[in-house]
There are 2 protein chains.
Amino acid sequence: MDIGIIGSGTVARTLAAKLLELGHSVMISSRDTSLAKDLGRRGTLPSADDFAAAQRELGREAAAGSFADAAVHGEVVINATAGGHSLEALEAAGAANLAGKILVDLANALDFSGGMPPTLLFCNTDSLAERIQAAFPEARVVKTLNTANAVVMVDPARLGEPTTMFVAGDDREAKEWVRTELLESWFGWRQVLDVGDITAARGLEMWMPLWLRLMGATGTPWFNLRIVTAS
Amino acid sequence: MDIGIIGSGTVARTLAAKLLELGHSVMISSRDTSLAKDLGRRGTLPSADDFAAAQRELGREAAAGSFADAAVHGEVVINATAGGHSLEALEAAGAANLAGKILVDLANALDFSGGMPPTLLFCNTDSLAERIQAAFPEARVVKTLNTANAVVMVDPARLGEPTTMFVAGDDREAKEWVRTELLESWFGWRQVLDVGDITAARGLEMWMPLWLRLMGATGTPWFNLRIVTAS
């Protein structure tokens, strides 16, 4: 499938590497196109050139471009920008290029202006996902994956036991595709809970302050939560 | 041990019943003392009369009283009021009666004025626990247990597998007592994570919006999260 990723940072590339491995045609993107194309290898993450080379081998051309290029490229579009810049990036991607498409929003809108730990730019009575859905009413926004580190997002089996992922959004079919295809079939999630409409993204985004504390308490970003119910 | 519980609702009585079963001398409390004393049996929860009878059998007298009575009674004090009324209730309990004591805060400050689901009265850059610690600087406030239903709080083994409880607070010794005695030894928690100082209570309180959605998704209030790390 053709996947457009809005963003070119660590999360965007981790997703792109996994999606490429699964045989999809992926385009990452940046505000400054030359920046996206020039992105060097970071740690174990492939560079844009690596993506391009790997995709050429698969007979595919897309690799890195502008936000609008990625939105045009994608049958499904993933918002993997820093949450504080997501609305601006999606505006550049273009409402017309997102219309009718599933828009997977995995961003967290963190405010670092007050120092560490960051606070949330939107919360309690609002959320980034709601703002995105309101700004792009023809996109089919699904909030998911923002509750885990990028490595865990695409490889939940890395954790010792199955953990839980969430989906929230107003479009039932979009949520079902995200659950069964993207999360379960592609990434290997085993417990996916639908927590409700797009306003449920508030709860998912409000997990981040505890997530940050847990990274400190456990000493690793590679953790997740598992929901356990009384049997 | 003598335990004072600020509050007389479902959470207060569930805790009181468990603490009584463990052989402690417990006093629940209410703004209107006669109300606390007159509280009838609710479901499986004992009434104030049941408490009084059970405690008389143990040779103990305390059962129900005013907020100040409970604070005086307790070597440890537990805030089990509705979070929107906690500061007022603790004010009535009296700063002098709380000074030097461990004050376990398990309240969630929910705002129902906008309908369901409720929002939080304090969040992101503030929390109820921080407000309590600031208002009662001589109390040793530990935030814990607010992340689970009352039944799960006192009987985590009811869930199919071990799950995680958190502690946050500025007083290391107080947190250590809460972790090893109240949570592990008395209630049977097996994975207790210290998430940091009192400001970490923000993350714990901000779990509530997702908790409410999860109650809807799982169909039960008897659930909890387990933190799983990469091994």
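User: In which sense do strands E4 and E5 of chain A pair?
Analyst: Happy to start there, keeping in mind that this is a predicted model. Strand E4 spans residues 76-79 and strand E5 spans residues 102-105 of chain A. Four bridges join the two strands, and their sense is parallel.

User: Which residue in E5(A) does A:Val77 stand opposite?
Analyst: Strand E4 of chain A covers residues 76-79. Across from A:Val77, in E5(A), is A:Leu103.

User: Which strands of chain A are the edge strands of the open sheet?
Analyst: The sheet holds eight strands with mixed pairing, in the order E3-E2-E1-E4-E5-E8-E9-E10 of chain A. An edge strand here pairs on one side only. That description fits strand E3 (64-65) and strand E10 (191-196) of chain A.

User: What angle does the direction of helix H9 of chain A make with that of E8(A)?
Analyst: Helix H9 (residues 172-187) of chain A packs on the sheet. Among the strands it touches are E1 (2-6), E8 (140-144) and E9 (164-169) of chain A. Relative to the direction of E8(A), the helix direction makes about 45 degrees.

User: Which helix of chain B lies across E9 and E10 of chain A?
Analyst: A nice one, as it involves both chains. The helix comprises residues 208-218 of chain B and runs at about 110 degrees to E10(A). Its name is helix H11 of chain B.

User: What percentage of the residues in chain A is buried?
Analyst: Here a residue is called buried at under 20% relative accessible area. Chain A has 231 residues, with a secondary structure of eleven helices and eleven strands. The buried residues amount to 58%.

Methods
Residues numbered from 1 in each chain as written. Chains lettered and ligands numbered in written order. Predicted model: local features only at pLDDT ≥ 70, side-chain atom pairs only at ≥ 80, totals over all residues. Heavy atoms only, no water. Buried < 20%, exposed > 50% of the residue type's maximum accessible area, 1.4 Å probe, protein only. Pairing = 2+ DSSP bridges. Contact = heavy atoms within 4.5 Å. Axes fitted to C-alpha atoms, helices over the stretch in contact; angles between N-to-C directions.
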